[in-house]
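Hi,

Here is the structure I promised to pass on. Have a look at it first, then read my notes below.

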Amino acid sequence: QSSVTLFGIVDATYAYGKGEGVGGSKKSQLTNSGYNSSRLGFRGTEDLGGGMSASFWLEAGVNNDNGAGSATNTNNQATGGAVAGIGGGQGLTFNRRSTVSLAGGWGELRLGRDYTPQFFNLTVFDPFGTNGVGTTQTLNSIGSAGAQPTGVVVVPTAVRASNSIGYFLPGNIGGFYGQAQYYMGENNDNSTLTVGTVTRNTKSDGTGGGFRVGYAAGPFNVAFSMSKTNYAFGDVEQNNVGGQWDFGFAKLMGQYSFDSIGTATAGDVDGKGWLIGGLIPVGAGEIRLSYSTYEYDIGTKPEIKKFAIGYVHNLSKRTALYTTYARLDNSGGASQALNGATTAANTKSDGFDIGIRHSF
Amino acid sequence: QSSVTLFGIVDATYAYGKGEGVGGSKKSQLTNSGYNSSRLGFRGTEDLGGGMSASFWLEAGVNNDNGAGSATNTNNQATGGAVAGIGGGQGLTFNRRSTVSLAGGWGELRLGRDYTPQFFNLTVFDPFGTNGVGTTQTLNSIGSAGAQPTGVVVVPTAVRASNSIGYFLPGNIGGFYGQAQYYMGENNDNSTLTVGTVTRNTKSDGTGGGFRVGYAAGPFNVAFSMSKTNYAFGDVEQNNVGGQWDFGFAKLMGQYSFDSIGTATAGDVDGKGWLIGGLIPVGAGEIRLSYSTYEYDIGTKPEIKKFAIGYVHNLSKRTALYTTYARLDNSGGASQALNGATTAANTKSDGFDIGIRHSF
Amino acid sequence: QSSVTLFGIVDATYAYGKGEGVGGSKKSQLTNSGYNSSRLGFRGTEDLGGGMSASFWLEAGVNNDNGAGSATNTNNQATGGAVAGIGGGQGLTFNRRSTVSLAGGWGELRLGRDYTPQFFNLTVFDPFGTNGVGTTQTLNSIGSAGAQPTGVVVVPTAVRASNSIGYFLPGNIGGFYGQAQYYMGENNDNSTLTVGTVTRNTKSDGTGGGFRVGYAAGPFNVAFSMSKTNYAFGDVEQNNVGGQWDFGFAKLMGQYSFDSIGTATAGDVDGKGWLIGGLIPVGAGEIRLSYSTYEYDIGTKPEIKKFAIGYVHNLSKRTALYTTYARLDNSGGASQALNGATTAANTKSDGFDIGIRHSF
């Protein structure tokens with residue numbers, strides 16, 4: 001009865017990771033999303049007349065190496081996330097985006113689950129986007145389970161938020177662009193949580209917001225973002241700035257993150273990261289390069305430095321072959337490893353991806 | 001290779017609820033389905049010749065505020081329902097409808113998961129359908145988790161049943177319409193359940209059936225429905241009658257429910273509810289009004305009365321803005337609250353929705 | 001933006017099973033996939049020029065009797081499979097197939113979750129495919145939960161494998177066809193598992209591979225397959241040969257399986273099965289017949305013999321009515337039963353399906 005666009009990406013990659021030292025291990029996988037995130041989506045737009053339109057967007061993450069779906073997070077809190085041990089039982093959810101919008105000359109109002117404003121600089125100004133072994137260390141440090149120092153939790157709103165009300169500026173305001181978002185944790189106002197012997201009211205847990213403003217002109221693009229999400233045992237502030245300059249023979253990118261992650265017992269922990277990298281077109285492909293780092297101001301100041309190099313070869317607009325190599329250097333007690341391997345504290349880890357990305 | 005219709009609804013709403021007294025709380029949400037139930041579906045029909053056709057219908061509920069799917073119930077029993085604590089891990093199921101049909105001049109035979117006949121009067125003759133803060137109190141009382149008096153369980157077949165065989169009368173019999181349905185719980189015939197010290201055979205648990213007959217002519221429409229579902233520890237009988245008269249300037253609706261819900265220890269509990277309401281067209285929109293009530297004949301006879309008023313403004317056939325306000329009045333020990341709030345027994349609760357419904 | 005094919009099957013069947021003796025029970029169900037497996041899928045192909053193409057295939061199993069999805073297995077091990085007790089919470093996964101392919105004159109490279117080579121002879125050379133009460137006893141014995149003798153586990157790769165890299169010969173090599181597949185369990189190389197007092201390294205658990213080669217010419221088709229999947233506590237070898245001859249008035253089929261399933265405590269257990277059967281066209285339908293058997297060389301040598309007869313009536317190319325009757329004969333301590341019934345050891349069980357298959 002109406003026009004729905006069915007779209008998606010199926011990206012499969014062989015991924016290898018290796019760690020060092022006591023407890024270090026290797027891992028081989030046929031996994032997904034090494035270049036772009038695998039997905040299946042449905043979207044459409046209705047013209048309402050008078051410059052107004054309504055639209056919807058339902059987009060599910062797909063683990064095409066094994067057919068499983070991906071969990072979403074219903075309340076921007078740890079309690080609303082994935083179920084431990086669900087394995088092959090994890091069905092499809094529209095975890096990547098599920099929104100309905102009204103748009104007009106005044107901009108766009110968007111309701112539902114969507115990217116947070118504080119995420120975009122991390123992916124837009126990263127030569128590797130946020131996929132695969134080469135992605136910016138900032139995202140690996142704050143958004144990945146198991147990567148944080150003791151007591152520092154994964155930030156549920158580092159990439160997306162549920163129950164959000166977002167506003168986007170219209171596209172025609174002289175190179176300026178921007179958005180703001182408010183999201184709700186949806187707890188009852190008499191909710192409490194007890195950690196140890198301390199009980200606190202958690203009515204605002206998972207509630208927060210952020211904004212992003214930018215300016216793009218010719219070869220130049222720069223943007224700034226700030227955000228705060230409330231948790232009774234430690235608010236999270238995620239802030240960043242990023243930019244790029246397109247020299248034609250190469251595109252230079254950089255980003256800087258300055259975050260503050262509250263913890264239940266260690267107070268607010270500051271985190272700082274930066275990235276510098278670039279994309280170099282070569283015939284039907286491009287070379288990708290980046291160096292990124294992230295450090296937590298806690299204890300022995302765990303720090304991770306990452307170098308990544310890769311090449312993408314486009315067989316068509318929709319289909320590409322790619323490979324990436326990356327190497328991590330842990331210090332200050334950090335023990336991150338690449339591609340699912342494990343490594344001892346203060347050692348190195350390296351890994352590579354080789355895969356195919358097909359979009360439809 | 002064949003024509004499949006992809007269809008759906010994305011309905012997002014800001015929902016606020018407030019309770020009173022000791023334990024009373026407030027809650028704010030960006031939730032879904034305030035006007036129509038959010039969904040994604042696939043359906044199609046094949047002409048078999050000779051007036052015969054085959055068709056399928058697969059329709060999934062979508063929680064578009066957070067991207068999660070909705071659980072189905074596989075066996076019309078508590079054991080076949082949603083998993084506690086699955087949160088953001090709940091994937092899409094075709095919980096709303098998953099059927100295959102054969103149809104001809106003799107009517108339609110439909111197999112699979114579908115609405116039960118006993119549900120339709122509750123939604124067709126309710127100005128608020130069965131969505132949002134204003135829906136009929138009968139459905140809130142018998143079909144919603146946590147709303148029942150102690151010992152009275154949610155009825156798994158109040159709205160839909162799995163493993164069903166349904167028959168629908170053809171559409172051309174002089175204003176008469178009707179359907180009958182049989183559904184199976186699928187237990188082995190030597191299954192047993194022990195509650196306390198009592199062990200009973202549960203081979204028929206979740207097995208049952210119902211019918212609905214009606215007559216529509218000009219402005220007039222009336223229908224009657226009866227059903228029974230077997231449970232070793234308490235059969236459920238759900239019965240109702242409803243009707244409407246379209247006066248042109250307004251559509252008047254009414255319904256009456258008389259149910260019997262068996263309990264493990266308190267015997268059969270009678271429940272009675274009624275609703276009176278109407279729809280008043282106003283330009284591109286309509287005003288919605290209803291008063292409904294439900295009472296259980298158990299203990300102190302918990303009773304809930306609800307008043308609701310709302311307005312829907314159509315931006316197009318597919319897109320509408322809406323708002324609804326409702327107020328509950330608990331007595332006899334009841335303590336229901338609206339939109340996820342909590343309230344003390346015998347107090348009031350109010351709440352409102354404001355949202356957008358977009359269909360495709 | 002591109003052409004995606006949406007396809008599927010909705011197959012609903014009334015299934016009855018009956019067992020005998022102490023603990024024997026009967027069961028009635030409205031279930032799915034009695035003739036063909038119910039599914040919903042998305043697929044497409046892109047022409048890359050020069051005889052090359054890229055394609056994707058995402059196919060989900062659908063339990064259309066109740067709307068639930070089906071679990072996949074993420075790592076070809078017991079730990080990556082379905083969650084116990086998820087019931088109506090099981091969402092859709094692309095458990096049936098989720099692949100991306102590159103193809104050319106040299107054949108096809110396929111990555112993701114797919115059928116294993118060792119599965120095809122079991123379904124291609126079975127008059128009942130692998131669906132419904134009549135399917136070959138080999139598959140029932142090695143691929144179905146609860147059917148194995150004590151200590152013999154379900155083989156996760158009997159039908160499909162995740163994390164696979166597959167290669168298919170091109171289609172134009174004089175009647176020969178073939179494929180090979182390698183799949184990964186994706187454990188870290190220092191993973192261990194302890195059973196009782198024995199600890200073993202499990203880095204290769206769920207990793208394995210297989211191949212299948214065949215030859216088809218005119219009425220004749222024959223194929224051979226071998227495979228091995230590693231598990232620290234018992235490798236699995238699944239091997240089979242099958243063939244058919246189309247006499248025109250009937251198609252004769254046969255298959256022979258010789259498997260070895262390692263167990264944690266009883267060493268390698270050999271299993272042997274065979275099937276003989278046929279398809280007889282009758283007007284718009286066909287009669288289906290088969291006799292199959294499977295025996296484990298363990299303890300008292302449990303053996304199951306199955307006889308099945310059925311009829312399929314095609315209402316169109318897409319829609320068919322069907323019925324099947326089958327009877328099992330257990331000996332050597334076996335106690336399998338049909339269609340969800342239970343039966344005492346060394347007794348018989350029978351059951352039937354009657355249903356409708358609609359494809360789109």
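Let's start at the rotation axis: G91(B) is the residue of chain B that comes closest to it, with its C-alpha at 2.4 Å. The two copies use different surfaces, as 14% of the contact residues of chain B recur in chain A (contact means heavy atoms within 4.5 Å). To lay chain B on chain A you rotate by 120° with 0.0 Å of shift along the axis, and the RMSD is 0.0 Å. The copies are therefore related as by a three-fold rotation axis. The superposition is by least squares on C-alpha atoms of residues with pLDDT of at least 70 in both copies.

Some ground rules: this is a predicted model, where local features need pLDDT of at least 70 and side-chain atom pairs count only at pLDDT 80 or more, while totals for chains, interfaces and linings use all residues. Residues are numbered from 1 along each chain as its sequence is written, chains are lettered from A and ligands numbered from 1 in the order in which they are written, and side-chain values use heavy atoms, leaving out hydrogens and water.

Now chain A by itself. It has two helices and 21 strands (DSSP runs: H or I of at least four residues for helices, E of at least two for strands, numbered from the N terminus). Its C-alpha trace spans about 65 × 60 × 40 Å along the principal axes. Of its 360 residues, 59% are buried, meaning under 20% relative accessible area with a 1.4 Å probe, protein chains only. Residues 24 or more positions apart make up 57% of the chain A contacts with a separation of 6 or more.

Cheers

How values were computed: Buried < 20%, exposed > 50% of the residue type's maximum accessible area, 1.4 Å probe, protein only.
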